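Here's a structure to look around in, one piece at a time. Have it open as you read and click on the residues as they come up.

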Protein chains: 2
Amino acid sequence: MSTSPPDSYRRNEHARRAILDAAIDTAIEVGYEKTSIEGIAKRARVGKQTIYRWWPSKGAVLLEALQQRMGRDGELADTGDLFADLRGELLRAAHLYGATPIGAVYHALLTASLSDAALAEAHDAMVRPGIDALRRRLEAAQELGHIRPDIDAATLVDMLYGTILFQVLLRTRPLAPGQVDESLRIILDGVRPRPTLEGGARPAASE
Amino acid sequence: MSTSPPDSYRRNEHARRAILDAAIDTAIEVGYEKTSIEGIAKRARVGKQTIYRWWPSKGAVLLEALQQRMGRDGELADTGDLFADLRGELLRAAHLYGATPIGAVYHALLTASLSDAALAEAHDAMVRPGIDALRRRLEAAQELGHIRPDIDAATLVDMLYGTILFQVLLRTRPLAPGQVDESLRIILDGVRPRPTLEGGARPAASE
(Lines give C-alpha, C1' and ligand atoms only; values in the text may rest on other atoms or scores of the structure.)
Protein backbone atom coordinates (compact mmCIF):
# COMPACT_ATOMS: atom_id res chain seq x y z
CA MET A 1 0.00 0.00 0.00
CA SER A 2 1.35 3.40 -0.87
CA THR A 3 -1.31 5.59 0.72
CA SER A 4 0.78 6.41 3.78
CA PRO A 5 3.04 9.18 2.33
CA PRO A 6 0.21 11.27 0.80
CA ASP A 7 -1.91 10.84 3.93
CA SER A 8 0.93 11.94 6.14
CA TYR A 9 1.63 14.81 3.76
CA ARG A 10 -2.01 15.91 4.00
CA ARG A 11 -1.92 15.59 7.76
CA ASN A 12 1.23 17.69 7.92
CA GLU A 13 -0.22 20.29 5.60
CA HIS A 14 -3.34 20.47 7.70
CA ALA A 15 -1.32 20.90 10.88
CA ARG A 16 0.93 23.53 9.33
CA ARG A 17 -2.02 25.60 8.22
CA ALA A 18 -3.71 25.27 11.59
CA ILE A 19 -0.52 26.41 13.32
CA LEU A 20 0.00 29.38 11.02
CA ASP A 21 -3.63 30.48 11.42
CA ALA A 22 -3.46 30.05 15.19
CA ALA A 23 -0.21 32.03 15.37
CA ILE A 24 -1.45 35.07 13.50
CA ASP A 25 -4.88 35.06 15.14
CA THR A 26 -3.30 34.86 18.59
CA ALA A 27 -0.86 37.67 17.83
CA ILE A 28 -3.67 39.89 16.54
CA GLU A 29 -5.71 39.20 19.66
CA VAL A 30 -3.12 39.47 22.44
CA GLY A 31 -0.15 41.13 20.74
CA TYR A 32 3.23 39.73 19.75
CA GLU A 33 4.78 39.81 23.20
CA LYS A 34 2.05 37.80 24.87
CA THR A 35 1.91 35.24 22.10
CA SER A 36 3.56 31.98 23.15
CA ILE A 37 4.31 28.69 21.42
CA GLU A 38 2.15 27.10 24.10
CA GLY A 39 -0.79 29.35 23.25
CA ILE A 40 -0.41 28.70 19.54
CA ALA A 41 -0.22 24.93 20.10
CA LYS A 42 -3.37 24.95 22.22
CA ARG A 43 -5.31 26.97 19.66
CA ALA A 44 -4.09 24.83 16.74
CA ARG A 45 -4.77 21.62 18.72
CA VAL A 46 -1.28 20.30 18.20
CA GLY A 47 1.57 19.54 20.57
CA LYS A 48 4.29 22.13 21.19
CA GLN A 49 6.83 19.68 19.75
CA THR A 50 4.97 19.71 16.43
CA ILE A 51 5.58 23.43 16.19
CA TYR A 52 9.22 23.14 17.19
CA ARG A 53 9.69 20.45 14.54
CA TRP A 54 9.09 23.06 11.83
CA TRP A 55 10.04 26.41 13.37
CA PRO A 56 12.75 27.41 15.84
CA SER A 57 10.81 30.20 17.57
CA LYS A 58 7.48 32.01 17.78
CA GLY A 59 9.02 34.79 15.69
CA ALA A 60 9.75 32.31 12.91
CA VAL A 61 6.19 30.91 12.97
CA LEU A 62 4.73 34.39 12.89
CA LEU A 63 6.95 35.49 10.05
CA GLU A 64 5.71 32.64 7.89
CA ALA A 65 2.11 33.27 8.95
CA LEU A 66 2.44 36.96 8.09
CA GLN A 67 4.00 36.11 4.78
CA GLN A 68 0.96 34.03 3.87
CA ARG A 69 -1.44 36.82 4.78
CA MET A 70 0.57 39.77 3.48
CA GLY A 71 2.23 38.19 0.52
CA ARG A 72 2.23 39.66 -2.94
CA ASP A 73 3.72 36.96 -5.11
CA GLY A 74 5.96 37.67 -8.03
CA GLU A 75 6.47 40.83 -9.97
CA LEU A 76 4.93 44.24 -9.58
CA ALA A 77 2.29 45.21 -12.13
CA ASP A 78 3.81 46.69 -15.28
CA THR A 79 0.98 48.44 -17.13
CA GLY A 80 3.41 50.84 -18.77
CA ASP A 81 2.23 53.59 -16.40
CA LEU A 82 4.97 53.88 -13.77
CA PHE A 83 3.05 56.31 -11.56
CA ALA A 84 -0.05 54.12 -11.50
CA ASP A 85 1.91 50.93 -10.84
CA LEU A 86 3.84 52.44 -7.95
CA ARG A 87 0.71 54.09 -6.57
CA GLY A 88 -1.09 50.74 -6.52
CA GLU A 89 1.77 49.02 -4.72
CA LEU A 90 2.24 51.78 -2.14
CA LEU A 91 -1.47 52.00 -1.35
CA ARG A 92 -1.54 48.23 -0.93
CA ALA A 93 1.41 48.37 1.48
CA ALA A 94 -0.05 51.34 3.36
CA HIS A 95 -3.39 49.61 3.79
CA LEU A 96 -1.87 46.35 4.96
CA TYR A 97 0.49 48.08 7.33
CA GLY A 98 -1.67 50.89 8.61
CA ALA A 99 -5.26 49.77 8.42
CA THR A 100 -5.23 46.08 9.32
CA PRO A 101 -4.29 44.40 12.61
CA ILE A 102 -1.50 42.62 10.74
CA GLY A 103 0.50 45.86 10.67
CA ALA A 104 1.12 46.00 14.41
CA VAL A 105 2.12 42.34 14.52
CA TYR A 106 4.50 42.87 11.64
CA HIS A 107 5.98 45.87 13.34
CA ALA A 108 6.57 43.97 16.57
CA LEU A 109 8.40 41.32 14.56
CA LEU A 110 10.54 43.97 12.94
CA THR A 111 11.43 45.25 16.41
CA ALA A 112 12.23 41.77 17.66
CA SER A 113 14.48 41.18 14.67
CA LEU A 114 16.61 44.18 15.68
CA SER A 115 18.00 42.13 18.56
CA ASP A 116 17.67 38.60 17.10
CA ALA A 117 20.04 37.78 14.24
CA ALA A 118 18.24 34.60 13.16
CA LEU A 119 14.91 36.40 13.04
CA ALA A 120 16.51 39.29 11.16
CA GLU A 121 17.75 36.83 8.54
CA ALA A 122 14.33 35.20 8.23
CA HIS A 123 12.71 38.62 8.00
CA ASP A 124 15.11 39.64 5.29
CA ALA A 125 14.30 36.48 3.33
CA MET A 126 10.62 37.34 3.65
CA VAL A 127 10.76 40.95 2.49
CA ARG A 128 13.54 40.56 -0.07
CA PRO A 129 11.34 39.28 -2.96
CA GLY A 130 8.97 42.26 -2.67
CA ILE A 131 11.84 44.72 -2.45
CA ASP A 132 13.56 43.10 -5.41
CA ALA A 133 10.35 43.14 -7.46
CA LEU A 134 9.93 46.88 -6.87
CA ARG A 135 13.57 47.46 -7.76
CA ARG A 136 13.16 45.50 -11.01
CA ARG A 137 10.07 47.51 -11.95
CA LEU A 138 12.11 50.71 -11.43
CA GLU A 139 15.03 49.35 -13.43
CA ALA A 140 12.68 48.47 -16.29
CA ALA A 141 11.45 52.08 -16.29
CA GLN A 142 15.08 53.19 -16.24
CA GLU A 143 15.87 51.10 -19.31
CA LEU A 144 12.98 52.76 -21.12
CA GLY A 145 14.49 56.16 -20.29
CA HIS A 146 11.80 57.26 -17.83
CA ILE A 147 14.28 57.42 -14.95
CA ARG A 148 17.77 58.90 -15.25
CA PRO A 149 20.49 56.26 -15.69
CA ASP A 150 22.55 57.63 -12.79
CA ILE A 151 19.80 57.01 -10.22
CA ASP A 152 20.29 54.05 -7.87
CA ALA A 153 17.08 52.01 -8.05
CA ALA A 154 17.72 50.48 -4.61
CA THR A 155 17.74 53.95 -3.04
CA LEU A 156 14.45 54.70 -4.78
CA VAL A 157 12.95 51.58 -3.20
CA ASP A 158 14.04 52.82 0.24
CA MET A 159 12.44 56.19 -0.44
CA LEU A 160 9.15 54.76 -1.67
CA TYR A 161 8.61 52.19 1.08
CA GLY A 162 10.31 54.34 3.73
CA THR A 163 7.97 57.27 3.23
CA ILE A 164 4.97 54.99 3.62
CA LEU A 165 6.44 53.28 6.68
CA PHE A 166 7.15 56.60 8.36
CA GLN A 167 3.71 57.99 7.63
CA VAL A 168 1.95 54.89 8.89
CA LEU A 169 4.17 54.50 11.96
CA LEU A 170 4.13 58.04 13.18
CA ARG A 171 0.50 58.81 12.46
CA THR A 172 -0.89 55.40 13.33
CA ARG A 173 -3.81 55.95 11.02
CA PRO A 174 -4.63 55.05 7.42
CA LEU A 175 -2.74 57.07 4.84
CA ALA A 176 -4.72 59.31 2.53
CA PRO A 177 -4.10 58.40 -1.15
CA GLY A 178 -3.25 62.09 -1.67
CA GLN A 179 -0.17 61.74 0.53
CA VAL A 180 1.03 58.79 -1.52
CA ASP A 181 0.46 60.75 -4.73
CA GLU A 182 2.37 63.76 -3.42
CA SER A 183 5.45 61.80 -2.42
CA LEU A 184 5.35 59.82 -5.67
CA ARG A 185 5.21 63.03 -7.69
CA ILE A 186 8.21 64.46 -5.84
CA ILE A 187 10.25 61.29 -6.31
CA LEU A 188 9.35 60.86 -9.97
CA ASP A 189 10.07 64.52 -10.64
CA GLY A 190 13.43 64.03 -8.98
CA VAL A 191 14.43 61.11 -11.17
CA ARG A 192 13.09 62.04 -14.58
CA PRO A 193 15.61 62.66 -17.33
CA ARG A 194 16.91 66.23 -17.29
CA PRO A 195 16.40 68.48 -20.28
CA THR A 196 19.58 68.65 -22.33
CA LEU A 197 21.65 71.82 -22.02
CA GLU A 198 20.93 72.72 -25.66
CA GLY A 199 17.28 72.92 -24.67
CA GLY A 200 16.32 69.98 -26.88
CA ALA A 201 12.97 68.60 -25.77
CA ARG A 202 13.16 65.20 -24.05
CA PRO A 203 10.15 62.95 -23.72
CA ALA A 204 8.11 63.58 -20.58
CA ALA A 205 8.82 61.23 -17.69
CA SER A 206 5.35 59.70 -17.61
CA GLU A 207 5.36 56.38 -19.36
CA MET B 1 14.02 79.45 57.15
CA SER B 2 13.48 79.14 53.41
CA THR B 3 16.02 76.45 52.59
CA SER B 4 13.48 73.65 52.43
CA PRO B 5 12.04 74.23 48.92
CA PRO B 6 15.41 74.41 47.10
CA ASP B 7 16.70 71.36 49.00
CA SER B 8 13.65 69.34 48.10
CA TYR B 9 13.92 70.59 44.53
CA ARG B 10 17.52 69.46 44.37
CA ARG B 11 16.61 66.11 45.89
CA ASN B 12 13.85 65.66 43.33
CA GLU B 13 16.10 66.64 40.48
CA HIS B 14 18.71 64.20 41.66
CA ALA B 15 16.16 61.40 41.89
CA ARG B 16 14.69 62.22 38.49
CA ARG B 17 18.07 62.06 36.82
CA ALA B 18 18.95 58.83 38.57
CA ILE B 19 15.67 57.29 37.41
CA LEU B 20 16.07 58.43 33.81
CA ASP B 21 19.65 57.14 33.66
CA ALA B 22 18.66 53.85 35.26
CA ALA B 23 15.76 53.45 32.83
CA ILE B 24 17.77 53.91 29.67
CA ASP B 25 20.75 51.90 30.91
CA THR B 26 18.48 49.02 31.89
CA ALA B 27 16.67 49.07 28.55
CA ILE B 28 19.97 49.07 26.66
CA GLU B 29 21.19 46.13 28.73
CA VAL B 30 18.17 43.85 28.84
CA GLY B 31 15.88 45.25 26.14
CA TYR B 32 12.62 47.15 26.40
CA GLU B 33 10.40 44.17 27.12
CA LYS B 34 12.42 42.94 30.09
CA THR B 35 12.77 46.40 31.58
CA SER B 36 10.49 46.81 34.61
CA ILE B 37 9.66 49.68 36.95
CA GLU B 38 10.98 47.47 39.72
CA GLY B 39 14.32 47.03 37.98
CA ILE B 40 14.60 50.75 37.29
CA ALA B 41 13.79 51.61 40.90
CA LYS B 42 16.38 49.18 42.21
CA ARG B 43 19.08 50.54 39.93
CA ALA B 44 18.21 54.16 40.71
CA ARG B 45 18.00 53.39 44.46
CA VAL B 46 14.53 54.86 44.79
CA GLY B 47 11.19 53.36 45.67
CA LYS B 48 8.80 52.25 42.91
CA GLN B 49 6.30 54.82 44.20
CA THR B 50 8.79 57.60 43.48
CA ILE B 51 8.77 56.60 39.82
CA TYR B 52 4.99 56.31 39.68
CA ARG B 53 4.70 59.77 41.23
CA TRP B 54 6.21 61.25 38.06
CA TRP B 55 5.45 58.78 35.27
CA PRO B 56 2.44 56.54 34.59
CA SER B 57 4.35 53.65 32.95
CA LYS B 58 7.78 52.35 32.05
CA GLY B 59 7.13 53.50 28.48
CA ALA B 60 6.65 57.05 29.72
CA VAL B 61 9.89 56.99 31.77
CA LEU B 62 11.81 55.60 28.83
CA LEU B 63 10.40 58.15 26.44
CA GLU B 64 11.64 60.98 28.63
CA ALA B 65 15.00 59.27 29.13
CA LEU B 66 15.38 58.79 25.38
CA GLN B 67 14.43 62.38 24.77
CA GLN B 68 17.26 63.51 27.02
CA ARG B 69 19.81 61.34 25.23
CA MET B 70 18.54 61.77 21.67
CA GLY B 71 17.32 65.31 21.86
CA ARG B 72 18.25 67.97 19.41
CA ASP B 73 16.86 71.14 20.91
CA GLY B 74 15.38 73.91 18.86
CA GLU B 75 15.75 74.66 15.20
CA LEU B 76 17.67 72.88 12.50
CA ALA B 77 20.89 74.53 11.36
CA ASP B 78 20.30 77.14 8.66
CA THR B 79 23.66 77.82 7.05
CA GLY B 80 22.04 78.85 3.78
CA ASP B 81 23.06 75.50 2.25
CA LEU B 82 19.92 73.38 2.24
CA PHE B 83 21.67 70.20 1.10
CA ALA B 84 24.34 70.46 3.79
CA ASP B 85 21.85 71.25 6.56
CA LEU B 86 19.59 68.33 5.67
CA ARG B 87 22.58 66.02 5.24
CA GLY B 88 23.82 66.90 8.72
CA GLU B 89 20.43 66.25 10.29
CA LEU B 90 19.85 62.95 8.47
CA LEU B 91 23.30 61.60 9.28
CA ARG B 92 22.73 62.55 12.91
CA ALA B 93 19.40 60.69 12.94
CA ALA B 94 20.86 57.69 11.09
CA HIS B 95 23.74 57.41 13.51
CA LEU B 96 21.55 57.71 16.59
CA TYR B 97 19.04 55.24 15.26
CA GLY B 98 21.26 52.76 13.52
CA ALA B 99 24.62 52.82 15.24
CA THR B 100 23.87 53.30 18.94
CA PRO B 101 22.03 50.98 21.35
CA ILE B 102 19.46 53.74 21.81
CA GLY B 103 18.01 52.96 18.38
CA ALA B 104 16.65 49.54 19.32
CA VAL B 105 15.14 50.90 22.55
CA TYR B 106 13.51 53.71 20.64
CA HIS B 107 12.14 51.30 18.09
CA ALA B 108 10.63 49.07 20.78
CA LEU B 109 8.90 52.13 22.21
CA LEU B 110 7.55 53.00 18.80
CA THR B 111 6.16 49.47 18.54
CA ALA B 112 4.61 49.66 22.00
CA SER B 113 2.97 52.96 21.12
CA LEU B 114 1.14 51.26 18.22
CA SER B 115 -1.09 49.55 20.76
CA ASP B 116 -0.99 52.08 23.61
CA ALA B 117 -2.81 55.35 22.98
CA ALA B 118 -1.29 57.22 25.95
CA LEU B 119 2.20 56.21 24.93
CA ALA B 120 1.46 57.16 21.32
CA GLU B 121 0.44 60.61 22.50
CA ALA B 122 3.59 60.99 24.61
CA HIS B 123 5.70 59.76 21.71
CA ASP B 124 4.08 62.26 19.40
CA ALA B 125 4.81 65.06 21.87
CA MET B 126 8.43 63.93 21.93
CA VAL B 127 9.06 63.73 18.20
CA ARG B 128 6.85 66.65 17.17
CA PRO B 129 9.40 69.43 17.87
CA GLY B 130 12.04 67.76 15.71
CA ILE B 131 9.58 67.12 12.91
CA ASP B 132 8.29 70.68 13.10
CA ALA B 133 11.83 72.10 13.07
CA LEU B 134 12.66 70.18 9.89
CA ARG B 135 9.39 71.32 8.31
CA ARG B 136 10.19 74.96 9.18
CA ARG B 137 13.68 74.66 7.66
CA LEU B 138 12.07 73.37 4.45
CA GLU B 139 9.44 76.12 4.46
CA ALA B 140 12.18 78.73 4.86
CA ALA B 141 13.90 77.28 1.77
CA GLN B 142 10.55 77.37 0.00
CA GLU B 143 10.10 81.06 0.79
CA LEU B 144 13.51 81.73 -0.71
CA GLY B 145 12.39 80.00 -3.90
CA HIS B 146 14.64 76.96 -3.59
CA ILE B 147 11.69 74.59 -3.32
CA ARG B 148 8.57 74.83 -5.52
CA PRO B 149 5.65 76.55 -3.78
CA ASP B 150 3.24 73.70 -4.56
CA ILE B 151 5.30 71.14 -2.59
CA ASP B 152 3.90 70.07 0.79
CA ALA B 153 6.75 70.49 3.29
CA ALA B 154 5.19 67.94 5.67
CA THR B 155 5.36 65.27 2.95
CA LEU B 156 9.00 66.15 2.39
CA VAL B 157 9.67 65.55 6.08
CA ASP B 158 8.08 62.10 5.80
CA MET B 159 10.26 61.32 2.81
CA LEU B 160 13.49 62.48 4.43
CA TYR B 161 13.08 60.75 7.79
CA GLY B 162 11.20 57.80 6.27
CA THR B 163 13.99 56.90 3.89
CA ILE B 164 16.48 56.89 6.76
CA LEU B 165 14.17 54.89 9.00
CA PHE B 166 13.62 52.27 6.33
CA GLN B 167 17.30 51.94 5.53
CA VAL B 168 18.28 51.62 9.16
CA LEU B 169 15.45 49.23 10.04
CA LEU B 170 15.75 46.85 7.16
CA ARG B 171 19.50 46.71 6.96
CA THR B 172 20.19 46.94 10.69
CA ARG B 173 23.57 48.43 10.04
CA PRO B 174 24.98 51.97 9.90
CA LEU B 175 24.00 53.93 6.84
CA ALA B 176 26.71 54.99 4.43
CA PRO B 177 26.73 58.78 3.97
CA GLY B 178 26.58 58.10 0.22
CA GLN B 179 23.09 56.64 0.61
CA VAL B 180 21.92 59.74 2.43
CA ASP B 181 23.42 61.94 -0.28
CA GLU B 182 21.74 59.97 -3.05
CA SER B 183 18.26 60.16 -1.55
CA LEU B 184 18.75 63.85 -0.73
CA ARG B 185 19.76 64.56 -4.32
CA ILE B 186 16.69 62.79 -5.68
CA ILE B 187 14.35 64.62 -3.32
CA LEU B 188 15.92 68.04 -3.89
CA ASP B 189 15.91 67.48 -7.65
CA GLY B 190 12.24 66.59 -7.36
CA VAL B 191 11.28 69.79 -5.57
CA ARG B 192 13.44 72.43 -7.22
CA PRO B 193 11.68 75.13 -9.19
CA ARG B 194 10.95 74.04 -12.76
CA PRO B 195 12.43 75.96 -15.67
CA THR B 196 9.86 78.31 -17.14
CA LEU B 197 8.35 77.30 -20.47
CA GLU B 198 9.96 80.29 -22.20
CA GLY B 199 13.30 78.80 -21.24
CA GLY B 200 14.17 81.70 -18.94
CA ALA B 201 16.97 80.63 -16.65
CA ARG B 202 15.95 80.21 -13.01
CA PRO B 203 18.46 80.22 -10.20
CA ALA B 204 19.84 76.77 -9.40
CA ALA B 205 18.16 75.01 -6.49
CA SER B 206 21.22 74.97 -4.27
CA GLU B 207 21.04 77.75 -1.76
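Is A:Arg45 buried or exposed? With a relative accessibility of 78%, A:Arg45 counts as exposed. Before going on, keep in mind that this is a predicted model.

**The loop arginines**

A:Arg45 belongs to the loop that runs between helix H2 (37–44) and helix H3 (48–54) of chain A. Its backbone is worth a look: phi is positive, at about 55 degrees, although A:Arg45 is not a glycine. Now hop over to chain B. There, B:Arg45 lies in the loop between helix H2 (37–44) and helix H3 (48–54). B:Arg45 also has a positive phi of about 55 degrees without being a glycine, and it counts as exposed at 79% relative accessibility.

**Chain A in outline**

What is chain A built from, in helices and strands? It has 9 helices and 0 strands, so to picture the order of elements from the N terminus on, just read α-α-α-α-α-α-α-α-α. Chain A has 207 residues, and 48% of them count as buried. Take the contacts in chain A with a separation of 6 or more: 66% of them come from residues 24 or more positions apart.

**Rings that pair up**

Over all chains, the count of aromatic pairs comes to 6. One of them is A:Phe166 with B:Tyr161: the ring centres are 6.0 Å apart and the planes stand at 35 degrees, so this pair is tilted. Where do the two rings sit? A:Phe166 is in helix H8 (residues 153–171) of chain A, while B:Tyr161 is in helix H8 (residues 153–171) of chain B, so the pair joins two chains. A:Phe166 is buried, at 7% relative accessibility, and B:Tyr161 is buried too, with a relative accessible area of 12%.

Another aromatic pair is made by B:Trp54 and B:Trp55, and this one is edge-to-face, with 5.9 Å from centre to centre and 80 degrees between the planes. B:Trp55 is buried, with a relative accessible area of 4%, whereas B:Trp54 is partly exposed at 24%.

What else meets the ring of B:Trp54? B:Arg53 has its charged end over that ring, 5.0 Å from the centre. B:Arg16 also lies over the face of B:Trp54, at 5.4 Å from the ring centre.

**Two helices packing in chain B**

B:Tyr161 turns up again in the packing of H5(B) with H8(B). How do these two helices pack? Helix H5 (residues 82–98) of chain B and H8(B) pack at an angle of about 30 degrees, and their axes are 10 Å apart. The crossing of H5(B) past H8(B) is right-handed. On the H5(B) side, the residues involved are B:Leu86, B:Glu89, B:Leu90, B:Ala93, B:Ala94, B:Tyr97 and B:Gly98. They meet B:Leu160, B:Tyr161, B:Ile164, B:Leu165 and B:Val168 from H8(B). Sorted by character, the residues of this contact come to 10 nonpolar, 1 polar and 1 charged.

**Three buried residues in chain B**

Here are three more places to click on in chain B.

| Residue | Where it lies | Relative accessibility |
|---|---|---|
| B:Ala133 | helix H7 (residues 117–143) of chain B | 1%, buried |
| B:Thr26 | helix H1 (residues 4–30) of chain B | 9%, buried |
| B:Thr155 | helix H8 of chain B | 2%, buried |

Start with B:Ala133. How far is B:Ala133 from B:Glu75 in sequence and in space? The two are 58 residues apart in sequence, and their C-alpha atoms are 5.1 Å apart.

Next comes B:Thr26. Leaving aside neighbours within four places in sequence, B:Thr26 is in contact with B:Gly31, B:Thr35 and B:Arg43.

Last is B:Thr155. Which residues is B:Thr155 in contact with, leaving aside its neighbours within four places in sequence? They are A:Gln179, A:Glu182, A:Ser183 and A:Ile186. As for B:Arg135, it is 20 residues from B:Thr155 in sequence and 9.0 Å away in space, C-alpha to C-alpha.

Notes
Residues numbered from 1 in each chain as written. Chains lettered and ligands numbered in written order. Predicted model: local features only at pLDDT ≥ 70, side-chain atom pairs only at ≥ 80, totals over all residues. Heavy atoms only, no water. Phe/Tyr/Trp six-rings, centres within 6.5 Å; stacked < 30°, edge-to-face > 60°. Helix = DSSP H or I, 4+ residues; strand = E, 2+ residues; numbered from the N terminus. Buried < 20%, exposed > 50% of the residue type's maximum accessible area, 1.4 Å probe, protein only. Lys NZ or Arg CZ within 6 Å of the ring centre and 35° of its normal. Axes fitted to C-alpha atoms, helices over the stretch in contact; angles between N-to-C directions. Left-handed = near helix turned anticlockwise from the far one by under 90°. Contact = heavy atoms within 4.5 Å. Nonpolar A, V, L, I, M, F, W, Y, C, P; charged D, E, K, R; others polar.
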